Amino acid sequence: MSGSRITALGHYQPARVLTNDDLAGLVDTSDEWIRRRTGIATRRIAAPDESVTDLATAAAGKALAASGLQPSDIGLVTVATCTAMDRCPSTAAQVAARLGIPSAVAYDLNNGCAGFTTALAGADHAVRAGAARHALVIGAEKMSDVTDWSDRSTCVLLGDGAGAAVVSADEQAGIGPVAWGSDPTRGNAVRLQGDWHPHFAQEGQTVFRWVTAHLPEIARDACARAGLTPADLAGVVTHQANLRIIEAVVRQLGLSEDTVIATDVVDSGNTSAASVPLALSKLTERREVPAGAPVLLLAFGGGLSWAGQVVACP
Ligand code: ACO
């Protein structure tokens, strides 16, 4: 097989919706400020007893069911997360056990918000190398566990959720070459700080400036590696951190006016490694992009790190 492709997707979000007005009851903020600065209207918050493994399993179970494969077909399970509290066994091993996947290699990957697109590249490489024929790639986060609910500059941004993709060997390359890297000179711009109960912190304006200056070039690089230009894209799913960032990045790309831009941040907030698969799964469920059409996935976050690739929409 010369390539791999995403054949199915699934997502899961907890039932509880936290509105901007709810947050204005907790900290000195307002619906108007949050919408104007971030575009976010709501986010989902997991129940206290709902773990990252629960979120990941729910999304992965849906993707597996949609793929038509049996659990025994899956040879690789990887969960991108920076909020799983269990270090060992890994979240991926627990997901595999819960889904009845009998003998897959299963491991977690922490590359912050760029975790899912990094894990997707790893799965593509493994499938193309013949190390697995079918893989489950999951992004899952319980950001509410690492949120400082007294800090208005961060608590309004974050949400919980999970998205998952089944990646299978294919004669054609449905997952393009990855554009990835990191900038350690800004290594502390996004972080989980504190030893026993870490919380999310960031230099918001530093990240904002870095992303709007560098992401368009990375996007063009990912397109070029797939033999495309941004004008060829049917869809763009960037990390859902801030609607202003998404708009500033896509404005610089020279997209076709028909290109569909994912804006799930409005409903879901920033779900870190879950944001790209969550938004892609919803966009596909609503059939906003035709099957087979090229969609750019592009994520950035702690590190500062980034990873992106063009995929054929499942
Ligand atoms: N409500 C009301 N006022 C607020 C709030 C709030 N929730 N938060 C901050 N403010 C105030 C600040 O105190 C400040 O007040 P001052 O001027 O009196 O000092 C003012 O608003 C402006 O604050 P800034 O931090 O400068 O606001 P900014 O416009 O930069 O928006 C934001 C902040 C939304 C975090 C923005 O910088 C951003 O999105 N940055 C990029 C973040 C990002 O993309 N991270 C991605 C990687 S991390 C991850 O994805 C998990």
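Me: What makes the backbone of Gly-204 a partner in a polar contact with the ligand?
Reply: In this predicted model, a backbone N or O atom of Gly-204 lies 2.9 Å from a nitrogen atom of the ligand, and since a polar contact is a pair of N or O atoms within 3.5 Å, the pair qualifies as a polar contact. Side chains take part as well: a polar side-chain atom of Gln-202 lies 2.9 Å from a nitrogen atom of the ligand, and one of Asn-242 lies 2.7 Å from an oxygen atom of the ligand, so that both of these pairs also fall within the 3.5 Å cut-off.

Me: How do you know how much of the ligand the protein covers?
Reply: On its own the ligand has 1000 Å² of accessible area, and the protein covers 75% of that area.

Me: Which elements give two or more residues to the shell around the ligand, and which of them gives the largest share?
Reply: Two or more residues come from each of helix H2 (31–38), helix H6 (152–155), strand E10 (199–202), helix H7 (204–225) and helix H8 (243–251), and the largest share, four residues, belongs to H7. Of the 23 residues around the ligand, those that come nearest are Thr-29, Arg-37, Gln-205, His-239 and Asn-270; by character, the shell divides into 10 nonpolar, nine polar and four charged residues.

Me: Why is the ligand said to lie between domain 1 and domain 2?
Reply: The conclusion follows because domain 1 (3–170) and domain 2 (179–312) both give residues to the shell around the ligand.

Me: What makes strand E1 and strand E5 edge strands of their sheet?
Reply: The sheet is open, with five strands in the order E1-E7-E6-E4-E5 and mixed pairing, and strand E1 (3–12) and strand E5 (105–109) each pair on one side only, which is what marks them as its edges. From one strand to the next, the twist averages 20°.

Me: How do you know that E1 and strand E7 pair?
Reply: Two strands pair if there are at least two bridges between them, and nine bridges join E1 to strand E7 (residues 160–170), so the criterion is met. These two strands run antiparallel, and Leu-9 stands opposite Ala-165 in E7.

Me: What makes E11 and E12 a pair, and in which sense do they pair?
Reply: Strand E11 (residues 235–238) and E12 share two bridges, so they meet the requirement of at least two, and their sense is parallel. Val-236 stands opposite Ile-261 in E12. Both strands belong to another open sheet of five strands with mixed pairing, in the order E8-E14-E13-E11-E12, whose edge strands are strand E8 (179–182) and strand E12 (260–261).

Me: Why is the peptide bond from Cys-88 to Pro-89 called cis?
Reply: Its omega is near 0°, and Pro-89 is found in the loop between strand E4 (76–80) and helix H4 (91–99). A cis peptide bond also joins Gly-303 and Leu-304, with omega about -25°; here Leu-304 sits in the loop between strand E13 (294–301) and strand E14 (305–312). Most peptide bonds are trans.

Me: What makes the phi of Ser-272 worth a remark?
Reply: Most residues other than glycine have a negative phi. Ser-272 is not a glycine, yet its phi is positive, at about 50°, and the residue lies in the loop between helix H9 (265–268) and helix H10 (275–285).

Technical notes. Residues numbered from 1 in each chain as written. Predicted model: local features only at pLDDT ≥ 70, side-chain atom pairs only at ≥ 80, totals over all residues. Heavy atoms only, no water. Near = heavy atom within 4 Å. Polar contact = N/O pair within 3.5 Å; in protein donor to acceptor, adjacent residues only side chain to side chain. Areas by Shrake-Rupley, 256 points an atom, 1.4 Å probe, with all protein chains shown as cover. Nonpolar A, V, L, I, M, F, W, Y, C, P; charged D, E, K, R; others polar. Domains from an automatic or database assignment. Axes fitted to C-alpha atoms, helices over the stretch in contact; angles between N-to-C directions.
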